[in-house]
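Reader: I'd like a close look at one single part of this one, please. Pick a spot, stay with it for a bit, and then show me how the rest fits around it.

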Amino acid sequence: MENLALLWGIIGPGVAGAVFGAGWWFWVDAVVCSSVQVSFLHYLPGIFASLAALMFNAVNKDEIGYDYYSPYGDDSEWRVKLWLFVAYVVSFVCLAGSVGMLVQDALTDKGPSVWTGVAGVLQCVLVLISGLIYWTCHSED
Amino acid sequence: MARSMRTCLHSGRLALLAILVSGGIVLQILACALYNNWWPMLTVLMYLILPMPLIFFLGSNSPSMMSNDGDTWVNFTKFLTGASIVGSIAIPSILKHAGVIGWGALTMELSSFLVFGVAILWLIQMNSEDEYSSAF
């Protein structure tokens with residue numbers, strides 16, 4: 001089991017990068033192969049999902065421990081928790097938004113095709129998973 | 001094994017590695033030139049990002065890449081490598097899906113990527129072997 005943890009620490013960031021890339025490349029494929037112009041609204045879930053993944057990786061894991069003394073005073077734990085909370089809210093809103101767009105694309109014929117909607121959901125999910133994977137890597141020390 | 005024999009083998013392996021890399025480049029260019037369609041050259045962008053952790057960290061103390069150090073920059077370059085690996089598979093596939101290139105160009109691109117991958121893995125393995133042998 002120990003070996004697995006070591007191996008994960010070595011290749012983990014690479015796997016996170018691969019998943020992140022896969023998410024965005026699916027979206028690029030959908031935009032390129034779409035027969036209609038994909039409006040900017042459809043790009044938003046992916047962009048905000050990437051932002052959310054960046055946000056919850058920017059947290060220094062030591063800061064949410066119980067005996068952390070910060071230069072801002074004793075009760076500054078709430079800042080980190082607020083940051084994480086906003087990151088989670090943004091990521092869930094993105095997921096919901098991309099699923100909503102998929103349903104909308106599936107129902108009408110005039111807008112983007114179903115593949116655009118599916119690629120949007122895939123992009124959101126894969127980007128968030130990649131953020132999670134990267135998070136597990138640097139907390140292995 | 002005698003010392004001269006070992007250096008001969010070592011330079012032989014380096015030569016083979018160079019042949020592999022140039023083979024990969026030839027495949028990449030052939031994929032464009034044979035079909036007179038220069039779109040697949042976009043993949044070269046990904047090939048530039050791919051060896052970044054090697055370039056930055058293989059020269060300095062090697063253990064920093066193969067160990068669990070968790071230095072932020074090492075992690076970030078590994079992230080970029082992962083993304084560029086997926087990108088170099090994804091760009092030809094997207095071009096094929098959009099109908100810009102054909103099946104032949106796609107297989108040539110993917111085989112060029114495989115050749116580069118084998119070359120880089122072999123380079124890493126050769127480097128870690130060098131560490132062990134020079135420690136004696």
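**The H1–H2 loop of chain B, and outwards**

Author: Let's start with B:Asn36, which sits in the loop between H1 and H2 of chain B. Keep in mind throughout that this is a predicted model. What makes B:Asn36 worth a stop is its backbone: phi is positive, at about 55 degrees, although the residue is not a glycine. Is B:Asn36 buried or exposed? Its relative accessibility is 64%, and the mark for exposed is over 50%, so B:Asn36 counts as exposed.

B:Leu34 belongs to this loop too, between helix H1 (3-33) and helix H2 (43-49) of chain B. You might look twice at a leucine here: with 54% relative accessibility, B:Leu34 also counts as exposed. For a sense of scale, pick out B:Gln125, 91 residues away from B:Leu34 along the chain; the C-alpha atoms of the two are separated by 34 Å.

Now the chain around that loop. Chain B has six helices and zero strands, so its elements, read from the N terminus, simply go α-α-α-α-α-α. Of its 136 residues, 34% are buried. If you take the contacts in chain B between residues at least 6 apart in sequence, 72% of them join residues at least 24 apart.

The UniProt record, an unreviewed entry, annotates residues 12-31, 37-58, 79-95 and 101-124 of chain B as "transmembrane region". Two of those spans can be set against the model. Residues 79-95 of chain B are 100% helix and 0% strand, with 24 Å between the end C-alpha atoms. Residues 101-124 of chain B come out at 92% helix and 0% strand, and there the end C-alpha atoms are 33 Å apart.

Stay with that last stretch of chain B for a moment and find B:Trp103, in helix H6 (residues 103-134). B:Trp103 is exposed, its relative accessible area being 61%. There is a charge on top of the ring, though: B:Lys96 lies over the face of B:Trp103, 4.7 Å from the ring centre. B:Ser93 is another handy marker, ten residues from B:Trp103 along the chain and with a C-alpha separation of 9.7 Å.

Over to the partner. Chain A has four helices and zero strands, running α-α-α-α from the N terminus on. Buried residues account for 38% of its 141 residues. Among its contacts between residues at least 6 apart in sequence, 75% join residues at least 24 apart. For chain A the unreviewed UniProt entry places "transmembrane region" on residues 6-28, 40-60, 80-102 and 114-135. Residues 6-28 of chain A are 100% helix and 0% strand, and their end C-alpha atoms lie 34 Å apart. Residues 114-135 of chain A are likewise 100% helix and 0% strand, with the end C-alpha atoms 32 Å apart.

So much for the chains one by one; here is where they meet. On the chain A side 22 residues are in contact with 21 residues of chain B. Together the two chains bury about 1,600 Å², and carbon and sulfur atoms give 68% of that area. A:Ile10, A:Trp25 and A:Tyr134 supply 35% of what chain A buries against chain B, more than any other three residues. How many salt bridges run between chain A and chain B? The count is zero.

Rings are a better thing to look for. Over all chains the structure holds seven aromatic pairs. In one of them, A:Phe20 and B:Phe79, the ring centres are 5.5 Å apart and the planes stand at 50 degrees, so the pair is tilted. Because A:Phe20 lies in helix H1 (residues 2-32) of chain A and B:Phe79 in helix H5 (residues 72-97) of chain B, this pair joins two chains. On exposure, A:Phe20 counts as partly exposed, at 21% relative accessibility. B:Phe79 has 16% and counts as buried, because the line for buried is drawn at under 20%. Add A:Tyr134 and you have one aromatic cluster, made up of A:Phe20, A:Tyr134 and B:Phe79. A:Tyr134 turns up twice, then: in that cluster, and among the three residues that supply 35% of chain A's buried area against chain B.

Note on methods
Residues are numbered from 1 along each chain as its sequence is written. Chains are lettered from A and ligands numbered from 1 in the order in which they are written. This is a predicted model: local features need pLDDT of at least 70, side-chain atom pairs count only at pLDDT 80 or more; totals for chains, interfaces and linings use all residues. Side-chain values use heavy atoms; hydrogens and water are left out. UniProt positions are given in the numbering used here, feature names are shortened, and annotations may be inferred rather than shown by experiment. Rings of Phe, Tyr and Trp (its six-membered ring) pair if their centres lie within 6.5 Å; planes under 30 degrees apart count as stacked, over 60 as edge-to-face and the rest as tilted. Buried means under 20% relative accessible area, exposed over 50%, partly exposed in between (1.4 Å probe, protein chains only). A charge sits over a ring if NZ of Lys or CZ of Arg is within 6 Å of the ring centre and within 35 degrees of the ring normal. Contact means heavy atoms within 4.5 Å. Buried area is the accessible area (1.4 Å probe) that two parts lose on being put together, summed over both. A salt bridge is a side-chain nitrogen of Lys or Arg within 4 Å of a carboxyl oxygen of Asp or Glu.
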